[in-house]
Amino acid sequence: MKPGIHPDYHEVTIHCACGSAFKTRSTHKGALVRVEICSACHPFFTGKSKLLDTAGRVERFTRKYEKAAQAVAAAKAKK
């Protein structure tokens with residue numbers, strides 16, 4: 001590696017709003033990085049995520065393709 005062209009890669013502490021803290025290495029200037037969410041509190045990683053159906057989109061989707069499936073079945077029955 002050429003000297004003088006690479007950023008400083010040093011140990012930093014990541015501190016989350018939930019209170020979790022861990023050490024990693026980064027090119028971030030400073031010894032502390034504050035984040036709002038981490039793997040300890042994110043719903044995807046904790047298993048607490050919920051599928052939200054906004055404005056009945058799932059029902060609308062199933063109704064739309066249910067009608068299409070019925071039309072295909074009716075066309076096959078006529079043959």
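A residue is called buried when its relative accessible area is under 20%, exposed when that area is over 50%, and partly exposed in between, with a 1.4 Å probe and protein chains only. By this rule, 8% of the 79 residues of the chain are buried. The structure is a predicted model, in which local features need pLDDT of at least 70 and side-chain atom pairs count only at pLDDT 80 or more, while totals for chains, interfaces and linings use all residues. Numbering starts from 1 along each chain as its sequence is written, and side-chain values rest on heavy atoms, with hydrogens and water left out.

We can turn next to the overall form. The radius of gyration of the chain is 26 Å, whereas a compact globule of 79 residues would have a value near 12 Å; the radius is taken over C-alpha atoms, and the globule rule is 2.2 Å times the number of residues to the power 0.38. Along the principal axes, the C-alpha atoms occupy a box of roughly 75 × 35 × 20 Å. Contact here means heavy atoms within 4.5 Å. Of the contacts between residues at least 6 apart in sequence, 2% join residues at least 24 apart. The accessible surface amounts to about 7,200 Å², and carbon and sulfur atoms account for 59% of that surface; areas come from the Shrake-Rupley method with a 1.4 Å probe, and for residues only the protein chains shown count as cover.

The chain contains 2 helices and 3 strands, arranged as β-β-β-α-α from the N terminus on. Helices (H or I, at least four residues) and strands (E, at least two) are DSSP runs, numbered from the N terminus. As for charge, the mean positions of the 15 positive and 6 negative charges lie 8 Å apart. Lys and Arg are counted as positive and Asp and Glu as negative, leaving out His and the chain ends; each charge is placed at NZ of Lys, CZ of Arg, CG of Asp or CD of Glu.

The cysteines deserve a paragraph of their own. The structure has 0 disulfides, a disulfide being a pair of cysteine sulfur atoms within 2.5 Å. Cys 18 is in no disulfide, and its nearest cysteine sulfur, that of Cys 16, is 3.6 Å away. Cys 18 counts as partly exposed because its relative accessibility is 44%. Cys 38 is likewise in no disulfide, with the sulfur of Cys 16 as the nearest cysteine sulfur at 3.5 Å. Cys 38 counts as buried because its relative accessibility is 9%.

Cys 16 itself sits in strand β1 (residues 10-16) and, at 2% relative accessibility, counts as buried. Beyond its neighbours within four places in sequence, Cys 16 is in contact with Val 35, Glu 36, Ile 37, Cys 38 and Cys 41. The C-alpha atoms of Cys 16 and Arg 34 are 5.8 Å apart, with their positions 18 residues apart along the chain. Cys 38 lies in the loop between β3 (32-35) and α1 (43-46). The C-alpha atom of Cys 38 is 6.2 Å from that of Cys 16, 22 residues away along the chain. With the same sequence neighbours set aside, Cys 38 is in contact with Cys 16, Cys 18 and Ser 20.

Phe 22 offers a view from strand β2 (residues 21-26). Phe 22 is partly exposed, with a relative accessible area of 39%. Not counting residues up to four places away in sequence, Phe 22 touches Val 12, Thr 13 and Ile 14. Between the C-alpha atoms of Phe 22 and Ala 73, 51 residues apart along the chain, the separation is 58 Å.
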